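Please examine the sequence and the three-dimensional model shown below. The explanation that follows leads from the chain as a whole to the pairing of individual strands.

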Amino acid sequence: VKGIVNAIVRSGKYALHAVEAPREGGGLFLFFAGGDGQVSCVTVTDGEAQEPGVPKEAASALLAPLLGRSGCFGYVYDLKTTGALLRSYELPDAGLQFDVLLAAFVLETDKKDYSLSRLAQVWLGLNIERSNGSDEQGAAAGSGKIARVIWDLGERLKPLVEEEDLGLLLE
């Protein structure tokens, strides 16, 4: 985990897609994407799970350079939901500084659909399908792709928000 954190801290920014395991005691999967095209997954456990991962007591300190406000910049889709999920595992969320959902809203106030699949189609020309999680490997691969899409959306939308001087609306 330290290697993942150090690599992302060196790059200065990342995208995060957080997914709670579908079964009880499965933990929280954090998919980090960076500008190099790589996606890494960190599993945070509640301490009782038999699965490999980082216990939530240790995860907060390990992930603080990313998820805390440390100069590392984080993209996310739906900061409110993701932040609540992180806090439920006692993880910080102050490093998540750009919500692509809110960015799309301030750029396209007349739209009604701000789903990730629509944003990927409109802003990136990508068709994505969200996994239903029935196959864990398929769900993990899909979550990694979603982290990549969040990265790409952040890189596409952030300059537009800045150009339109709309950044204050995202704070």
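The paragraphs below describe the overall arrangement, and then the strands and the hairpin.

The structure is a predicted model. Its protein chain contains six helices and six strands. Followed along the sequence, these elements appear in the order α-β-β-β-β-α-β-α-β-α-α-α.

The protein chain has 171 residues, of which 42% count as buried. Its exposed surface comes to about 9,100 Å², and 49% of that area is supplied by carbon and sulfur atoms. Contacts can also be considered by their separation along the sequence. Among the contacts in the protein chain with a separation of 6 or more, 58% are between residues that lie 24 or more positions apart.

Attention may now turn to strand β3, which comprises residues 39-45. Strand β2, spanning residues 28-33, runs antiparallel to β3, and six bridges join the two. One of the residues involved is Ala33, whose bridge partner in β3 is Val39. The strands β2 and β3 form a hairpin with five residues between them. Within this hairpin, Gly37 adopts a positive phi near 90 degrees.

Strand β3 is also joined to strand β4, which consists of residues 54-55. Here the strands run parallel, and two bridges connect them. Thr45 has Pro55 as its bridge partner in β4. Strand β3 thus takes part in an antiparallel pairing with β2 and a parallel pairing with β4.

How values were computed
Residues are numbered from 1 along each chain as its sequence is written. This is a predicted model: local features need pLDDT of at least 70, side-chain atom pairs count only at pLDDT 80 or more; totals for chains, interfaces and linings use all residues. Side-chain values use heavy atoms; hydrogens and water are left out. Two strands pair if DSSP finds at least two bridges between them. Helices (H or I, at least four residues) and strands (E, at least two) are DSSP runs, numbered from the N terminus. Buried means under 20% relative accessible area, exposed over 50%, partly exposed in between (1.4 Å probe, protein chains only). Contact means heavy atoms within 4.5 Å. Accessible areas come from the Shrake-Rupley method with a 1.4 Å probe; for residues, only the protein chains shown count as cover.
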